[in-house]
Amino acid sequence: MKIGIISDTRAGSGEEIPQEVARAFEGVDRIFHAGGIHSKEVLDWLERIAPVTAAARLEGGQAEQPQPFMLEVPGDPRVAETQILELEGQTIGMTNEIWLPRLSDEVMPGAIGRQRLPDQLLTQMVTDFFERPVDIVIFGRTLYAMVEEHEGILFINPGSPGLPKNVRKLGQVAILELGGGKREAQVVELAGLG
């Protein structure tokens, strides 16, 4: 199974997602959007490529009031604050923002390794966050793409297709391949697809 992963599209009504995203997602079976959604049209556009499952920051079961960087699609059945999916023998936890109490800041590339956490503490923090063990964590929000494995958990942040590292330019998405007892993820630089 091939899964396209995207986050922080941050495209409002009338704004477009870079067309390179469609090229990067050619042949995917599913698309996971890890938050930073500004309009339902983004999910509809992605849905023309493959079925979409999304995570976004919500309050009290309702999407927060429209503000910069907040979801504006209350009641959309494709969206939940946290998604737990079982695919190809892997448990995937998806959220917009992963908060792990022993990390002093957001989960950025290299941040987990620099902490030198005691054995299995990271696994426990991730389990506490998702309220169950997961094999793969998909998240967004930071605008920094990363694929890292720690304590057997694969962490994937696809960055942003149009605002990587908070700079307006072509950015990244990620591809996750599952099957045959293996999992592989890679960041795709959209500028290389033009």
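Modeller: A polar contact is a pair of N or O atoms within 3.5 Å. Keep that cut-off in mind, and remember that this model is predicted.

Biologist: How many helices and how many strands are there in the protein?

Modeller: The protein has 194 residues, and 53% of them count as buried. Its accessible surface comes to about 9300 Å², with 45% of that belonging to carbon and sulfur atoms. The count you want is four helices and 13 strands.

Biologist: Among contacts between residues at least 6 apart in sequence, what percentage join residues at least 24 apart?

Modeller: A contact means heavy atoms within 4.5 Å. Take the contacts between residues at least 6 apart, then pick those joining residues at least 24 apart. The share is 61%.

Biologist: In what order do the six strands of the open sheet stand?

Modeller: Strands of a sheet pair through backbone hydrogen bonds, either parallel or antiparallel. In this sheet the pairing is mixed. β6 and β13 each have a single partner strand, so one side of each is left without a neighbour in the sheet. With those two at the edges, the order is β6-β3-β2-β1-β12-β13.

Biologist: In β2, which residue is the bridge partner of I3?

Modeller: Strands β1 (residues 2–6) and β2 (residues 30–33) run parallel. Four bridges join them. On the β2 side, I3 is partnered by R30.

Biologist: Which residue of β3 does F32 stand opposite?

Modeller: β2 also runs parallel to β3, and three bridges join the two. In β3, V52 and A54 point one way, T53 and A55 point the other way, and all are buried. The residue opposite F32 is T53.

Biologist: Which element gives the most to the largest nonpolar core?

Modeller: This core holds 22 residues, and I6, V21, F25, I31, L46 and V173 touch the most other members. Elements giving two or more residues are α1, α2, β3 and β12. With four residues, the top contributor is α2.

Biologist: Where on α2 do its buried residues fall?

Modeller: An α-helix has 3.6 residues a turn, so residues three or four places apart point the same way. In α2 the buried residues are V42, L43, W45 and L46. They pack against β1, α1, β2, β3 and β6. Seen down the axis, they fall within an arc of 160°, so they line one face of the helix.

Biologist: Which residues of β7 point to one face and are buried?

Modeller: In a regular strand the side chains alternate between the two faces of the sheet. Along β7, T82, I84 and E86 point to one face and are not buried. The other face has the buried set: Q83, L85 and L87.

Biologist: What is the distance from the backbone oxygen of R78 to a polar atom of the side chain of Q83?

Modeller: Q83 is in strand β7 (residues 82–87). Its relative accessible area is 13%, so Q83 is buried. Q83 touches R78, and also residues including T53, A54 and A55. The polar contact limit is 3.5 Å, and the distance here is 3.4 Å.

Biologist: Which residue in the turn between β7 and β8 has a positive phi?

Modeller: β7 and β8 pair in the antiparallel sense over six bridges. In that pairing, E86 stands opposite T91. The two strands form a hairpin with two residues between them. The residue with a positive phi of about 50° is E88.

Biologist: Is T95 buried or exposed?

Modeller: T95 lies in strand β8 (residues 90–95). T95 touches residues far along the chain numbering, among them A34, E81, F129 and G140. Buried means under 20% relative accessible area. T95 has 4%, so the answer is buried.

Biologist: How far apart in space are V188 and A174, C-alpha to C-alpha?

Modeller: V188 is found in strand β13. V188 has a relative accessible area of 14%, so it counts as buried. A174 is one of the residues V188 touches. The two are 14 residues apart in sequence, yet in space the gap is 5.4 Å.

Technical notes:
Residues are numbered from 1 along each chain as its sequence is written. This is a predicted model: local features need pLDDT of at least 70, side-chain atom pairs count only at pLDDT 80 or more; totals for chains, interfaces and linings use all residues. Side-chain values use heavy atoms; hydrogens and water are left out. Buried means under 20% relative accessible area, exposed over 50%, partly exposed in between (1.4 Å probe, protein chains only). A nonpolar core is a set of buried Ala, Val, Leu, Ile, Met, Phe, Trp, Tyr and Cys residues joined through side-chain atoms within 4.5 Å. Two strands pair if DSSP finds at least two bridges between them. The arc is that of the directions from the helix axis to the C-beta atoms. A polar contact is a pair of N or O atoms within 3.5 Å; within protein, one must be able to donate a hydrogen and the other to accept it, and residues adjacent in sequence count only if both atoms are side-chain atoms. Accessible areas come from the Shrake-Rupley method with a 1.4 Å probe; for residues, only the protein chains shown count as cover.
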